[in-house]
Amino acid sequence: RAERTATSARDLVAHYGFAATVGATDDRREALAGADYVIVTFQVGGVDAYAHDVEIPRAYGLDQTVGDTLGPGGVFRFLRSAPAYREIAADMLELCPDALLINYANPMAMNCWYLTELGIATVGLCHSVQGTSRMLARQLDVPYDEVRFTCAGINHQAWFTTFRRGDEDLYPRLRETMIRRHLGSPAVVAELAKDAGDHSDAGRGDSDYEGGAEKGRTAIMRTFGYFHTESSHHASEYVPWFRKNPERVQEFIRERWDYLEICRSRDAGESDGALLEDLKADLKPSLEYGALIVNAMETGVPTVIYGNVPNDGLIENLPDGCCVEVACLVDGNGVQPVHYGDLPAQCAALNRTNVNVQELAVEAAITGKREHVYQAIALDPLS
């Protein structure tokens, strides 16, 4: 797979005449020697191991739609990843001690928290803030480049505490629109769903994952006052209310969205040809923050990203040292998280139910105490 990716990258480099060299290796020390940036995207054990995270809990009545962030699936994915992170950290401290590790692998908060404990400069990257903010702008039919917002919390549960267009506070209209569109009477919801695909952002309509099926996330907003960053499918795993039994799941998520089955259906050997041809025709940035970070640090041209970083007083009503997702200034000085202050009390309270699980899982990886694994899952809201 590394060689396949390298071949595509070399093709793009040649097509555009970039002054870049692309290499591929399965020797970690060779890859890390002298590195400035280390990007992690792995899933340790692949889909076969992931299946255990989902299928074993389901056998006992605990149905996770994704199972990669919290709960039994997230805890065991993290524990399976921890030895790999430990080896990477040891090599980095020897071979590239000043490198920045950019983590894309879930469970984001546990992985980044653990890496920080190992002494590695880390920022974790997700696309929830970018994707959700664009989806909300589409729902309101407001041009995205006119929207301004503040967002903070934990990965997959960060809160849009402001959402504005110039001097206009968009939240009153956002609450009214989302509640009417997703929590209204069945007839109203069905009628409004007919045009769900008409909201476009660069030609992209609202999918069933993001924007088209928002009953769960909207219900969370109605209860806690603010919209947060992860889809209704995924968000339903992080609270005790939506996945109690199949009937309850069906009430909030009409069409089953099963990430394990999606992963199984993907052909690992399928060609990248179509994507590559698209990139040759029009090479432009995606919504992912990784390239923006490298560009800003190398050129000194500043940018703002939302990163997962240690809570060094950034969010004052979440535990010190936990992993939080906040705005970060990036320039030649590196990734500089921005102090947020206090989240709304109810939002921080819900975050803490998730942080409790993360903390005990990380403690288990550090100390090797099996009881902390059991305790982490016992505290999981869905479990």
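Why does the sulfur of cysteine 328 form no bond with the closest cysteine sulfur? The legends below, for close-up views of a predicted model, begin with this point.

**View 1. Cysteine residues without disulfides.** In this predicted model, the sulfur of cysteine 328 lies 10 Å from the closest cysteine sulfur, that of cysteine 323, and this is too far for a bond. Cysteine 112 also has cysteine 323 as the residue with the closest cysteine sulfur, but the separation of 4.6 Å is again too far for a bond. A disulfide requires two cysteine sulfur atoms within 2.5 Å, and by this rule the count is 0 disulfides. Cysteine 112 is buried, with 3% relative accessibility. Cysteine 328 is buried as well, its relative accessible area being 0%.

**View 2. Strand β9 and its two partner strands.** Strand β9 covers residues 323-331 and is mostly covered, with 8 of its 9 residues buried. Strand β8 (residues 303-310) pairs with β9 in the antiparallel sense, and 8 bridges link the two. Within this pairing, valine 304 has leucine 329 of β9 as its bridge partner. Strand β10 (residues 334-337) also pairs with β9 in the antiparallel sense, here over 4 bridges.

**View 3. The hairpin between β9 and β10.** A hairpin of 2 residues connects β9 to β10. Aspartate 331 has glycine 334, in β10, as its bridge partner.

**View 4. Helix α3 and its surroundings.** Helix α3 consists of 14 residues, numbered 46-59. From its first C-alpha to its last, α3 reaches 21 Å, close to the 20 Å expected at 1.5 Å a residue. Its buried residues include Ala49, Tyr50 and Ala51, together with Asp53, Val54 and Pro57. Among the elements that cover the buried residues of α3 are α4 (71-95) and α12 (259-265). After α3 comes glycine 61, which has a positive phi near 90 degrees.

**View 5. The second largest pocket.** The volume of the second largest pocket is about 300 Å³. Its lining is made up of 13 residues, and those nearest the centre are Ile56, Pro57, Pro72, Phe76 and Ile377. Helices α3, α4 and α16 (370-379) are the elements that each give two or more residues to this lining. Which element gives the largest share of the lining? That element is α3, with 4 residues. Pro57, one of the buried residues of α3, is thus shown again in this view, among the residues nearest the pocket centre.

Conventions. Residues are numbered from 1 along each chain as its sequence is written. This is a predicted model: local features need pLDDT of at least 70, side-chain atom pairs count only at pLDDT 80 or more; totals for chains, interfaces and linings use all residues. Side-chain values use heavy atoms; hydrogens and water are left out. Buried means under 20% relative accessible area, exposed over 50%, partly exposed in between (1.4 Å probe, protein chains only). Two strands pair if DSSP finds at least two bridges between them. The expected span of a helix is 1.5 Å times one less than its number of residues. Contact means heavy atoms within 4.5 Å. On a 1 Å grid over the protein atoms alone, a cavity is a set of points where a 1.4 Å probe fits but cannot get out, and a pocket is an open set with protein on both sides within 12 Å along at least five of seven lines; lining residues have an atom within 4 Å of a point. Grid points are joined across faces, edges and corners, and a volume is the space filled by probe spheres set on the points.
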